[in-house]
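Reader: Let's go through this one quickly. Pockets first, please.

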Amino acid sequence: MLALNGVSLIYSNGEIAVQALSAIDLRIESGKSYAIIGPSGCGKTSLIFLMAGLLIPNEGKVFLQGKPLLKPSRETALILQEYGLLPWKTVWENAALGLKLRQAPEKKIEQILEQVFSELELSECIDRYPNQLSGGQKQRVALARALSLQPDLLLMDEPLSALDALTRENLQDLILRLIKGRRITCVLVTHSIEEAVYLGQEIIILSARPGKIRAIVANHDQGIEGYRHHISYHEKCTEVRALLEVHAESDN
């Protein structure tokens, strides 16, 4: 579905240039879930923005469905850490925003959102405003807005980092159920080893800046019933933690 070939990214203000990513080669297969993890400042968010078509690499190319990705695609949805909800709009209006921008008919918007709200257990919140919601509910609204666009590719930049542990685990379960049920290709950026292992069929480990791919860890048991309590889950967390530590030492 998505390919990054020799991709490097440099931020420059004319005087100072900072290389965020270097020589990234990556293949994202349709229908699979990926987690990106690495030290702070290693370019994880920049990598997601490249996949979303919001940034263009200084070197190399990004391809979506075999075609150069030069701007955001209608088939891609992006969820950011800050939720991106407009405080003056209701839950319904926030979730409908993407469809409104695409000038979808009101009847179609209603049909899509009713199904999405039912899936996300948000139906009772449709007339509330963001300041009347918990953190978990706000994230569900952000998910609703993304899913309403019926994307083929879902990109998430640390969407659960601000939540308490139990709410975070509940939303991890929800995200897993949604991407499996809808067969959405998913790429998640996270600082959490446990979250990366729980949600990623493949775990992409980045080096310190400039970000390079140090390892890609296959996670074959991801998605099995009760995975969080399975010994293979804990073994995979230990494996990923060891790789992060080894590469952190080599980067220093």
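Reader: How does the lining of the largest pocket divide by class?
Author: It has 13 nonpolar, 4 polar and 4 charged residues. Nonpolar means Ala, Val, Leu, Ile, Met, Phe, Trp, Tyr, Cys and Pro; charged means Asp, Glu, Lys and Arg; the others, Gly among them, are polar. This is a predicted model, where local features need pLDDT of at least 70 and side-chain atom pairs 80 or more, while totals for chains, interfaces and linings use all residues. Numbering starts from 1 along each chain as its sequence is written, and side-chain values use heavy atoms, without hydrogens or water.

Reader: Which residues lie nearest the centre of that largest pocket?
Author: Thr 76, Ala 77, Leu 78, Arg 145 and Leu 149, out of 21 that line the largest pocket. A pocket is an open set of 1 Å grid points where a 1.4 Å probe fits, with protein on both sides within 12 Å along at least five of seven lines; lining residues have an atom within 4 Å of a point.

Reader: Which elements give two or more residues to the lining?
Author: Strand 6 (76-79), helix 2 (91-101) and helix 4 (135-148). Strand 6 has the largest share, with 4 residues. Helices (H or I, at least four residues) and strands (E, at least two) are DSSP runs numbered from the N terminus.

Reader: And the second largest pocket, which residues are closest to its centre?
Author: Asp 173, Leu 176, Tyr 198, Gly 226 and Arg 228, among 14 lining residues. Helix 5 (residues 165-182) gives the most to this second lining, 6 residues. By class, the second lining has 5 nonpolar, 4 polar and 5 charged.

Reader: Back to helix 2. Which of its residues are buried?
Author: Val 91, Asn 94, Ala 95, Ala 96, Gly 98 and Leu 99. Buried is under 20% relative accessible area, with a 1.4 Å probe and protein chains only. Helix 3 (106-120) and helix 4 are among the elements that cover the buried residues of helix 2. Just after helix 2, Gln 103 takes a positive phi of about 60°.

Reader: Where does Gln 222 lie?
Author: In the loop between strand 10 (213-218) and helix 7 (231-251). Gln 222 is buried, at 6% relative accessible area.

Reader: What is Gln 222 in contact with?
Author: Leaving aside neighbours within four places in sequence, Gln 222 contacts Ser 33, Leu 176, Lys 180, Val 197, Tyr 198, Leu 199, Gly 200, Gln 201 and Tyr 227. Contact means heavy atoms within 4.5 Å. Leu 176 and Tyr 198 also turned up by the centre of the second largest pocket.

Reader: New topic, the open sheet. What is its strand order?
Author: 2-1-4-5, with antiparallel pairing. Two strands pair if DSSP finds at least two bridges between them. Strand 2 and strand 5 (67-68) are the edges, each pairing on one side only.

Reader: How many bridges join strand 1 to strand 2?
Author: 8, between residues 2-12 and residues 17-28. Leu 4 of this pair stands opposite Leu 26. The hairpin has 4 residues between the strands, and Gly 14 takes a positive phi near 100° there.

Reader: And to strand 4, how many bridges?
Author: 5 join strand 1 to strand 4 (residues 59-64). Leu 2 stands opposite Leu 64, and Ala 3 opposite Phe 63.

How values were computed:
Buried means under 20% relative accessible area, exposed over 50%, partly exposed in between (1.4 Å probe, protein chains only).
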